[in-house]
Amino acid sequence: MELLEAALRYGGRPASLESILDAFLRPAFEVTRGDRNDLFNRLRARVSLEHSATTRDIVSRAFDKNDLRFIDELKAALPELTHEDLHWRFHFLVGAMIYTMSDSGQLEGLSGGKCSPTQTDFALASMVKTFSALFRSPPMVRSRTKKMASDAKQLVI
């Protein structure tokens, strides 16, 4: 949240898409730097994948408030996106972040050792660039209001 507040304070409102994404992702990559904190990252990944009321409550209490704040800032930066588009894209962002942080070794294996989540600066820059393009892509889901108006218009014609 400190990084997001800094982006808003120094970059203005709405913050740039890249600064919002960097503020969201950077803390996760900072945790992986140094000792890599593998146990925490794997536990976080496992808890995020578990589908039970208890784990949903844990994840909700730990992340929902901050996640919703980031979604609000993304909406301010990308007003053309629907509520549904923002939530789907944010879901994909979180999934990629958790998968990258959990470091199953697949990336290194597939790339013949040329790519590794331990290259945190490169991984962070790559994710910000990739997800900036995803968030800027045209909306996939029309808002329910627009769809209902369009459907009603078709019925009248």
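A residue is called buried under 20% relative accessible area, exposed over 50%, and partly exposed in between. The exercises below apply this and a few other cut-offs to a predicted model.

**Exercise 1. Classify Glu 80 by its accessibility, and state where Glu 80 sits in the chain and which distant residue it faces across space.**

Solution. Begin with the location: Glu 80 belongs to the loop that joins α4 and α5. Next, take the relative accessibility of Glu 80, which is 45%, so that Glu 80 counts as partly exposed. Finally, look along the chain for a partner: the C-alpha atom of Glu 80 is separated by 7.4 Å from that of Pro 139, although these two are 59 residues apart along the chain.

**Exercise 2. Repeat the analysis for Glu 30.**

Solution. Glu 30 is part of helix α2. Its relative accessibility is 38%, and Glu 30 therefore counts as partly exposed. Its distant counterpart is Thr 120, which lies 90 residues away along the chain, with 7.8 Å between the two C-alpha atoms.

**Exercise 3. Describe the overall make-up of the protein chain: how many helices and strands does it have, and what share of its contacts joins residues 24 or more positions apart?**

Solution. The count of elements comes to 8 helices and 0 strands, and from the N terminus on, the order is accordingly α-α-α-α-α-α-α-α. Of the 157 residues in the protein chain, 32% are buried. Turning to contacts with a separation of 6 or more, residues 24 or more positions apart account for 72% of them.

**Exercise 4. Determine the geometry of the ring pair formed by Phe 24 and Phe 70, and explain which parts of the chain the pair ties together.**

Solution. A search of the whole structure yields 3 aromatic pairs. In the pair of Phe 24 and Phe 70, the ring centres are 5.2 Å apart and the planes stand at 70°; because planes over 60 degrees apart count as edge-to-face, this pair is edge-to-face. The next step is to place the two rings: Phe 24 lies in helix α2 (residues 17-32) and Phe 70 in helix α4 (residues 53-77), so the pair ties together parts that are 46 residues apart in sequence. Both Phe 24 and Phe 70 are buried. The picture widens once Phe 90 is included, since ring pairs link Phe 24, Phe 70 and Phe 90 into a cluster.

**Exercise 5. Decide whether Asp 67 is buried or exposed, and identify the residues that Asp 67 touches when those up to four places away in sequence are not counted.**

Solution. Asp 67 is located in helix α4. Its relative accessibility is 17%, and because this falls under 20%, Asp 67 counts as buried. With residues up to four places away in sequence set aside, Asp 67 touches Phe 24 and Phe 90, both of which are members of the ring cluster.

**Exercise 6. Characterise the packing of α4 against α5 and of α1 against α4.**

Solution. For the α4 and α5 pair, the axes come within 10 Å and cross at roughly 125°, and the two helices are therefore oblique to each other. The crossing in which α4 passes α5 is right-handed. On the α4 side the contact involves Asp 67, Leu 68, Phe 70, Ile 71, Leu 74 and Lys 75, and these meet Leu 86, His 87 and Phe 90 in α5. Sorted by class, this contact has 6 nonpolar, 1 polar and 2 charged residues.

For the second pair, helix α1 (residues 2-11) packs with α4 at an angle of about 25°, their axes being 11 Å apart, which makes α1 roughly parallel to α4. This crossing is left-handed. Here Leu 4, Glu 5 and Leu 8 of α1 meet Arg 69, Phe 70 and Glu 73 of α4, and the contact divides into 3 nonpolar, no polar and 3 charged residues.

**Exercise 7. Work out the relative direction of α5 and α7, and describe the residues of their contact.**

Solution. The axes of helix α5 (residues 83-102) and helix α7 (residues 120-136) come within 10 Å and cross at roughly 160°. The two helices are therefore roughly antiparallel to each other, and α5 passes α7 in a right-handed crossing. Among the contact residues are Leu 86, Phe 90 and Leu 93 of α5, together with Met 127, Phe 131 and Arg 136 of α7. By class, the residues of this contact comprise 10 nonpolar, 1 polar and 2 charged.

Terms used
Residues are numbered from 1 along each chain as its sequence is written. This is a predicted model: local features need pLDDT of at least 70, side-chain atom pairs count only at pLDDT 80 or more; totals for chains, interfaces and linings use all residues. Side-chain values use heavy atoms; hydrogens and water are left out. Rings of Phe, Tyr and Trp (its six-membered ring) pair if their centres lie within 6.5 Å; planes under 30 degrees apart count as stacked, over 60 as edge-to-face and the rest as tilted. Helices (H or I, at least four residues) and strands (E, at least two) are DSSP runs, numbered from the N terminus. Buried means under 20% relative accessible area, exposed over 50%, partly exposed in between (1.4 Å probe, protein chains only). Axes are lines fitted to C-alpha atoms, for helices over the stretch in contact, and angles run from 0 to 180 degrees between N-to-C directions. Angles under 35 degrees count as roughly parallel, over 145 as roughly antiparallel, 65 to 115 as roughly perpendicular and the rest as oblique. A crossing is left-handed if the near helix is turned anticlockwise from the far one by less than a right angle, and right-handed if clockwise. Contact means heavy atoms within 4.5 Å. Ala, Val, Leu, Ile, Met, Phe, Trp, Tyr, Cys and Pro count as nonpolar, Asp, Glu, Lys and Arg as charged, and the others, Gly among them, as polar.
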